[in-house]
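Visitor: I would like a close look at one part of this structure, the turn that comes after a helix, and at what lies around it. Please take it step by step.

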Amino acid sequence: MERIEQRLRAALEPVEMTLEDESALHAGHAGAASGGGHYQLRIVSSKFEGLKLVMRHRLVYDSVHDMMRGEIHALAITALAPSEV
């Protein structure tokens, strides 16, 4: 989880961020068998100002793209601009 947070901080310079590991809630799920975690992310960044939701998610996924399907199986994202908080 620390590596995910580091990547997100470096790429998106969030003013606020919470990342929760919800993997235990998905025990027995097919994705859990691969070893990838299930995470819930709430991130506030000025880099999201003026962007549509799909572009915000793209920025997040671009930050951790090489970790998807390995370390990360699922990532639920709430991405906000500071003006929306």
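Visitor: Which residue follows H1, and is its phi positive or negative?

Guide: Glu13 follows H1, and its phi is positive, near 45°. The model is a predicted one, and the angle is a property of that model. Glu13 has this positive phi although it is not a glycine. The residue is found in the loop between H1 and E1. Glu13 counts as exposed because its relative accessibility is 52%, and the cut-off for exposed is over 50%.

The setting comes next. The protein has three helices and three strands, and from the N terminus on its elements run α-β-α-β-α-β. Of its 85 residues, 32% are buried. Among contacts with a separation of 6 or more, 67% join residues that are 24 or more positions apart.

Consider the helix that ends before Glu13. H1 covers residues 2-12, and its buried residues are Ile4, Leu8 and Leu12. These three cover an arc of only 90° or less, to be exact 30°, around the axis, so they sit on the same side of H1. The face turned away from that buried side carries Glu2 and Ala10, both exposed. On the buried side, H1 packs against E1, E2, H3 and E3.

From Glu13, one can step across to Val44. The two are 31 residues apart in sequence, yet their C-alpha atoms are 8.8 Å apart in space. Val44 has its place in strand E2. With a relative accessible area of 2%, Val44 is buried, whereas Glu13 is exposed at 52%. Leaving aside neighbours within four places in sequence, the contacts of Val44 include Pro14, Val15 and Glu16. Leu80, Ala81, Pro82 and Val85 are also in contact with Val44.

Val44 leads on to the rest of its strand. E2 spans residues 37-44 and is mostly covered, with six of its eight residues buried. E2 has a pairing with E1 that is antiparallel and runs over six bridges; in it, Asp21 stands opposite Tyr39 of E2. The pairing of E2 with E3 is parallel and has eight bridges. There, Gly37 has Ile72 of E3 as its bridge partner, and Gln40 stands opposite Ala76 of E3. Together with H3, strands E2 and E3 make a right-handed β-α-β unit.

H3 is the helix of that unit. It holds twelve residues, 53-64, which at 1.5 Å a residue should span 16 Å; the C-alpha atoms at its ends are 17 Å apart, which agrees. The buried residues of H3 are Arg56, Val60, Ser63 and Val64. Their arc around the axis is only 90°, which puts them on the same side of H3. Val54 and Arg58 are exposed and lie on the face turned away from the buried side. The buried residues of H3 pack against H1, E2 and E3.

Two residues of H3 show how this helix meets the one that precedes Glu13. Ser63 is found in H3 and is buried, with a relative accessible area of 9%. Not counting residues up to four places away in sequence, Ser63 touches Arg7, Leu8, Ala11 and Leu12. Leu8 and Leu12 are also among the buried residues of H1. Val60, again leaving aside neighbours within four places, is in contact with Leu8 and Leu12 as well as with Leu41, Ile43, Phe48, Leu75 and Ile77.

Several of these residues meet again in the largest nonpolar core, which has 17 residues. Ile4, Leu8, Leu41, Ile43, Val60 and Leu75 touch the most other members of this core. H1, E1, E2, H3 and E3 each give two or more residues to the core, and E3 gives the most, with four.

Back at the starting point, Glu13 is an exposed loop residue. Before it comes H1, whose buried residues Ile4, Leu8 and Leu12 lie on the same side of the helix.

How values were computed: Residues are numbered from 1 along each chain as its sequence is written. This is a predicted model: local features need pLDDT of at least 70, side-chain atom pairs count only at pLDDT 80 or more; totals for chains, interfaces and linings use all residues. Side-chain values use heavy atoms; hydrogens and water are left out. The expected span of a helix is 1.5 Å times one less than its number of residues. Buried means under 20% relative accessible area, exposed over 50%, partly exposed in between (1.4 Å probe, protein chains only). The arc is that of the directions from the helix axis to the C-beta atoms. Contact means heavy atoms within 4.5 Å. A nonpolar core is a set of buried Ala, Val, Leu, Ile, Met, Phe, Trp, Tyr and Cys residues joined through side-chain atoms within 4.5 Å. Two strands pair if DSSP finds at least two bridges between them. A crossover is right-handed if, with the strands pointing away from the viewer, the path from the first strand over the helix to the second runs clockwise.
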